[in-house]
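Thanks for coming. I will go through one structure this morning, helix pair by helix pair, and then look at a few single residues.

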Amino acid sequence: MFFSTLTAWIAVVLMALAALLFLAKRFGNQTMKRFLGRHHIRIGELGIAFCIIHGILAGNPVGTSLSDASFAGVLFSLDWGTASLAAALLLGLSYAFRKKLGKPWLVIHRWLTVCFIVLLVIHIINMGIHFDDNLREMTSGNNDATA
């Protein structure tokens, strides 16, 4: 389904951007550090939102339109995607409860980031990398197929 694939890739890009803050700090890229530092929380929140939307739309056959879609047909099916979402939610919670967690909250947050990335990579490998035909047409710039 086009929207499931689109939301999946938006979520991957957003979560990768959120994780880049760690690398920007490590390698001293001040421009990236400033930008990601200002927008890190919002990027993470949007990433989680797109993960949830993808999970709700996932499981529909490729040609399914929004009007024919079965929403949440495989939501919480205990697969690698659900595990990735759980790790992402724990990341958000680790930030929300950072004052209660005290000094080690950042270490916990970084370990959860590593867990999330590993689970996401496993999910992508397990499901395969898919590009919906509509998404491929949008990215290739080839308008002959739509004419």
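In this predicted model, start with helix α3, residues 80–96, and helix α5, residues 105–127. Their axes are 8 Å apart, and the packing angle is about 160°. An angle over 145 degrees counts as roughly antiparallel, so α3 and α5 are roughly antiparallel to each other. The handedness of the crossing of α3 and α5 is left-handed.

Which residues make that contact? On the α3 side the residues are Trp-80, Gly-81, Ala-83, Ser-84, Ala-87, Ala-88, Leu-90, Leu-91, Ser-94 and Tyr-95. On the α5 side they meet Trp-105, Ile-108, His-109, Leu-112, Thr-113, Phe-116, Leu-119, Leu-120, Ile-122, His-123 and Asn-126. Sorted by class, the contact of α3 with α5 has 14 nonpolar residues, seven polar ones and no charged ones.

Two residues from that list come up again. Searching the whole structure for aromatic pairs gives one. The ring centres of Tyr-95 and Trp-105 are 6.0 Å apart, and the ring planes are at 65°, so this is an edge-to-face pair. The cut-off for that label is over 60 degrees. Tyr-95 belongs to helix α3 and Trp-105 to helix α5, with their positions 10 residues apart in the chain, and the pair is counted as linking distant parts of the chain. As for exposure, Tyr-95 has a relative accessibility of 28%, so Tyr-95 counts as partly exposed.

Next, the other partner of α5 that I want to show. Helix α1, residues 2–27, packs on α5 at an angle of about 140°, with the axes 11 Å apart. That angle makes α1 oblique to α5. The crossing of α1 and α5 is left-handed. From α1, the contact uses Val-12, Met-15, Ala-19, Phe-22 and Arg-26. From α5, it uses Arg-110, Thr-113, Phe-116, Ile-117, Leu-120 and Ile-124. By class, the contact of α1 with α5 divides into eight nonpolar residues, one polar and two charged.

Ala-19 is a convenient residue to look at here. Ala-19 sits in helix α1. If residues up to four places away in sequence are not counted, Ala-19 touches Thr-113 and Ile-117. Ala-19 and Ile-117 are 98 residues apart along the chain, and their C-alpha atoms are separated by 8.6 Å.

Now the pairing of α1 with helix α2, residues 30–57. The two axes come within 7 Å and cross at roughly 150°. Helices α1 and α2 are therefore roughly antiparallel to each other. Their crossing is left-handed. The contact of α1 with α2 is made up of 20 nonpolar residues, seven polar and two charged.

Three residues of α1 are worth a stop. What does Ser-4 contact, leaving aside its neighbours within four places in sequence? The partners are His-54, Leu-57 and Ala-58. Ser-4 lies in helix α1 and is buried, with a relative accessible area of 8%.

The second is Ala-8, also placed in helix α1. Is Ala-8 buried or exposed? Its relative accessibility is 17%, so Ala-8 counts as buried; the cut-off is under 20%. Ala-8 and Ile-52 are 44 residues apart in sequence, and their C-alpha atoms are 9.3 Å apart in space.

The third is Lys-25, again found in helix α1. At 44% relative accessibility, Lys-25 counts as partly exposed. Lys-25 and Gly-37 are 12 residues apart in sequence, with a C-alpha to C-alpha distance of 9.4 Å.

To finish, the totals. How many helices and strands are there in the protein? There are six helices and zero strands, and from the N terminus on the elements run α-α-α-α-α-α. The protein has 147 residues, and buried residues make up 29% of them. Among contacts in the protein with a separation of 6 or more, 65% are between residues 24 or more positions apart.

Back to the pairs for a last look. Helix α1 is roughly antiparallel to α2 and oblique to α5, while α3 and α5 are roughly antiparallel. That is the tour; I can go back to any of these views.

Conventions
Residues are numbered from 1 along each chain as its sequence is written. This is a predicted model: local features need pLDDT of at least 70, side-chain atom pairs count only at pLDDT 80 or more; totals for chains, interfaces and linings use all residues. Side-chain values use heavy atoms; hydrogens and water are left out. Axes are lines fitted to C-alpha atoms, for helices over the stretch in contact, and angles run from 0 to 180 degrees between N-to-C directions. Helices (H or I, at least four residues) and strands (E, at least two) are DSSP runs, numbered from the N terminus. Angles under 35 degrees count as roughly parallel, over 145 as roughly antiparallel, 65 to 115 as roughly perpendicular and the rest as oblique. A crossing is left-handed if the near helix is turned anticlockwise from the far one by less than a right angle, and right-handed if clockwise. Contact means heavy atoms within 4.5 Å. Ala, Val, Leu, Ile, Met, Phe, Trp, Tyr, Cys and Pro count as nonpolar, Asp, Glu, Lys and Arg as charged, and the others, Gly among them, as polar. Rings of Phe, Tyr and Trp (its six-membered ring) pair if their centres lie within 6.5 Å; planes under 30 degrees apart count as stacked, over 60 as edge-to-face and the rest as tilted. Buried means under 20% relative accessible area, exposed over 50%, partly exposed in between (1.4 Å probe, protein chains only).
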